[in-house]
Amino acid sequence: VNEAGIEFRHAPALTTPKDGTEFLTRMQNNLSLKVLDRPSKNELVFELVGVDISFANALRRIMIAEVPTMALEFVYMWNNSGLIHDEVLSHRLGLVPLNV
């Protein structure tokens with residue numbers, strides 16, 4: 001699957017490790033992290049191979065959570081005569097990513 005320039009390849013799932021030792025052994029033997037590109041100081045393109053899907057997803061969630069974000073909190077409108085209701089327009093404005 002190719003989404004937003006990122007290629008996802010699904011590999012067959014490994015069996016669930018019996019304990020933490022087996023998990024760590026599997027990580028040491030199979031983990032491969034290859035840096036593909038570093039477009040800027042704040043960006044990194046890498047390939048993570050040989051890890052469980054849940055580990056890759058946890059890593060993705062941690063990286064997303066650590067990115068500082070800003071959003072609009074209050075939107076005041078006077079005399080909105082457009083087709084979009086005030087609440088919907090305010091919600092859409094809050095979804096716009098801000099780079100400050």
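Okay, let's start with the aromatics: the count here comes to two aromatic pairs. One of them is F74 with Y76, and that pair is stacked, because the ring centres sit 6.4 Å apart and the planes are at 15 degrees. Before I go on, a reminder that this is a predicted model, so everything I quote is computed from that prediction.

Back to the rings. F74, Y76 and W78 together make one aromatic cluster. Are F74 and Y76 buried or exposed? F74 comes out at 57% relative accessibility, so F74 is exposed. Y76 is exposed too, with a relative accessible area of 61%.

Let me zoom out for the overall layout. The chain has three helices and four strands. Reading from the N terminus, the order is β-β-α-β-β-α-α. How much of the chain is buried? Of the 100 residues, buried ones make up 3%. The exposed surface is about 9500 Å², and carbon and sulfur atoms supply 58% of that. On contacts: take the ones with a separation of 6 or more, and 17% of them are between residues 24 or more positions apart.

Now, the nonpolar surface. There's a patch of about 620 Å², and the residues making it are M70, L72, V75, L93, V96, L98 and V100. Let me pick out two of those, M70 and L98.

M70 is in the loop between α2 and α3. With 51% relative accessibility, M70 counts as exposed, since the cut-off for that is over 50%. What does M70 touch, leaving out residues up to four places away in sequence? The answer is L98 and V100. And there's a C-alpha distance to go with that: M70 and P97 are 27 residues apart in sequence, while their C-alphas are 7.5 Å apart in space.

L98, on the other side of that contact with M70, sits in the segment after α3, the helix spanning 86-94. L98 has a relative accessible area of 41%, so here we're talking about a partly exposed residue. That value is over the 30% a residue needs to be in a patch, so L98 can be part of this one.

Next, a backbone detail for anyone who likes Ramachandran plots. N79 has a positive phi, about 55 degrees, and N79 is not a glycine. Where is N79? It's in the loop between α2, residues 53-65, and α3. N79 is exposed as well, at 76% relative accessible area.

Last topic, charges. Side chains of opposite charge can pair when their charged atoms come close. How many salt bridges does that give us in this chain? The count is one. The partners are R26 and E22, and their closest N and O atoms are 3.0 Å apart. Why do these two line up? R26 and E22 are four residues apart in helix α1, which covers residues 20-30, so about one helical turn separates them. As for E22, its relative accessibility is 26%, which means partly exposed.

So, to wrap up: one salt bridge, within helix α1, an aromatic cluster of F74, Y76 and W78, a nonpolar patch of about 620 Å², and 3% of the residues buried. That's what I have.

Note on methods
Residues are numbered from 1 along each chain as its sequence is written. This is a predicted model: local features need pLDDT of at least 70, side-chain atom pairs count only at pLDDT 80 or more; totals for chains, interfaces and linings use all residues. Side-chain values use heavy atoms; hydrogens and water are left out. Patches are made of residues with over 30% relative accessible area and no salt bridge: like charges are joined within 9 Å, nonpolar side chains (Val, Leu, Ile, Met, Phe, Trp, Tyr) within 5 Å. Accessible areas come from the Shrake-Rupley method with a 1.4 Å probe; for residues, only the protein chains shown count as cover. A salt bridge is a side-chain nitrogen of Lys or Arg within 4 Å of a carboxyl oxygen of Asp or Glu. Buried means under 20% relative accessible area, exposed over 50%, partly exposed in between (1.4 Å probe, protein chains only). Contact means heavy atoms within 4.5 Å. Rings of Phe, Tyr and Trp (its six-membered ring) pair if their centres lie within 6.5 Å; planes under 30 degrees apart count as stacked, over 60 as edge-to-face and the rest as tilted.
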